[in-house]
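User: I am new to this structure and should be grateful for a close look at one part of it, the interior. Please explain which segments build it, and then how the surface compares in kind.
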Amino acid sequence: MKPGMNVIKWPMERVAGRVSVRIKQLDVNCVCKSLDHAFLNVSVSIQFQANAHQIFQSFYSLSSPSRQMISHTLDVLRSTLPTMNLDDIFASQESIALDLHRTLNGHMNQYGYTIHYALLTRIHPNDHVRQSMNEIEASKRIKESIPHRAEAIKLECVKKAEASAERAYLRGVGIARQRREIARGMVETMKSLNDGDDAMTSTSTKATMDMLLLTQYMDVLAAVGGSSKRVLGESSRDQDHEDDSPTTSLMLSHMPETVFQIQDAISKQFVAASDPVKVENLLEMV
């Protein structure tokens, strides 16, 4: 019947049923296996409509058009997806949907139904397959990032080495200047002691060296004692071996005759006990 008022000649005519010409949607779920043996769940949405010019065929041809479309949909999916790898299935969703649309339209048009769209709305692989795919992709990304990470570590090591070399150089320059100034001070002290006109101020070379050695020895002890690192004996170090802070262990034979032993060793190498102290000898010691 057409829209509007219609006359039914009863009992020769009667209303056999009603056919809606609105667009309907049919959701189909299918479990398939890909070419690489991965099982996946595919969801398809089919939007169809009864043809207004073929109402007779759409009502009397099929008792259940939905079941007919589901059968054709499953047939197309299970014949197409097993010939493709999982990655190709994800990349070819549009072509698969177009193939399904053409197949359904060809079969359902003769029964008075028009297929408007056939959409692949969801491709859901097995959870283990998805996890494996994520791990493969993560491994590829990690492999690509390893050269960049190694380059960064290399650059960091180079910069640290350059900084260490520069620090060692500057430290060496500072130590050289310090020793030069110490030598200059010792030279001036020697001159003031040996060149004095007064007999009370002049002194022998041996006494001068003893005084300088004693002064340097005391300076060394003061520097070691005032260091930021701890100075421990063997017994103290064994007791505190669990401490993670940096430590320095130094064993000194701190006896009164130590200064004289040092003085005798230096005197044998550089100057005689009766000779005056020379300035160039002191400078060569730096």
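Analyst: The chain contains nine helices and five strands. The model is a predicted one. In sequence order, the elements follow the pattern β-β-α-α-α-α-β-α-α-β-α-β-α-α. Of the 286 residues in the chain, 22% count as buried. Among contacts with a separation of 6 or more, 65% join residues that lie 24 or more positions apart.

The interior is best approached through its largest nonpolar core. That core has 30 residues, and I46 and L77 are the members that touch the most others. At least two residues each are supplied by β1, β2 (39–50), α2 (65–80), α3 (86–91), α4 (93–108) and β3 (113–125). Strand β2 gives the largest share, with six residues. In soluble globular proteins, nonpolar side chains tend to be buried together.

What does I46 touch, once residues up to four places away in sequence are set aside? Its partners are K24, Q25, L26, V28, M69, T73, L104, I115 and Y117. As β1 covers residues 24–33, its partners K24, Q25, L26 and V28 belong to that strand. M69 and T73 fall within the range of α2, 65–80. L104 falls within α4, 93–108, and both I115 and Y117 fall within β3, 113–125.

Strand β2 also holds S43. S43 counts as buried because its relative accessible area is 11%, and the cut-off for that class is under 20%. With residues up to four places away left out, S43 touches V28, N29, L119, L120, T121 and R122. V28 is thus a partner of S43 and of I46.

The loop between β1 and β2 contains A38. At 7% relative accessibility, A38 is buried as well. Apart from neighbours within four places, A38 is in contact with C32, K33, L86 and V129. A38 and R130 are 92 residues apart in sequence, while their C-alpha atoms are 9.8 Å apart in space.

Helix α2 includes another buried residue, T80, whose relative accessible area is 18%. The side chain of T80 reaches the backbone oxygen of V76 at a distance of 2.8 Å.

The surface can now be set beside this interior. The accessible surface of the chain comes to about 20,900 Å², and 55% of it belongs to carbon and sulfur atoms. Nonpolar side chains are found there too: I8, W10 and V15 form a patch with about 350 Å² of accessible area together. V15 lies in the segment before β1 and is partly exposed, at 49% relative accessibility.

Charged pairs are a further feature. Side chains of opposite charge can pair when their charged atoms come close. The structure holds five salt bridges. One of them joins R141 and E144, with the closest N and O atoms 3.8 Å apart. R141 and E144 are separated by about one helical turn, because they are three residues apart in helix α5 (residues 127–194). R141 is exposed, at 52%, and R141, E144 and E137 are linked in a network of salt bridges. Another bridge pairs E156 with K160 at 3.3 Å; these two are four residues apart in helix α5. E156 is partly exposed, at 42%, whereas K160 is exposed, at 55%. K159 and E162 form a bridge at 3.9 Å, and both lie in helix α5.

Definitions and conventions:
Residues are numbered from 1 along each chain as its sequence is written. This is a predicted model: local features need pLDDT of at least 70, side-chain atom pairs count only at pLDDT 80 or more; totals for chains, interfaces and linings use all residues. Side-chain values use heavy atoms; hydrogens and water are left out. Buried means under 20% relative accessible area, exposed over 50%, partly exposed in between (1.4 Å probe, protein chains only). Contact means heavy atoms within 4.5 Å. Accessible areas come from the Shrake-Rupley method with a 1.4 Å probe; for residues, only the protein chains shown count as cover. Patches are made of residues with over 30% relative accessible area and no salt bridge: like charges are joined within 9 Å, nonpolar side chains (Val, Leu, Ile, Met, Phe, Trp, Tyr) within 5 Å. A salt bridge is a side-chain nitrogen of Lys or Arg within 4 Å of a carboxyl oxygen of Asp or Glu. A nonpolar core is a set of buried Ala, Val, Leu, Ile, Met, Phe, Trp, Tyr and Cys residues joined through side-chain atoms within 4.5 Å. A polar contact is a pair of N or O atoms within 3.5 Å; within protein, one must be able to donate a hydrogen and the other to accept it, and residues adjacent in sequence count only if both atoms are side-chain atoms.
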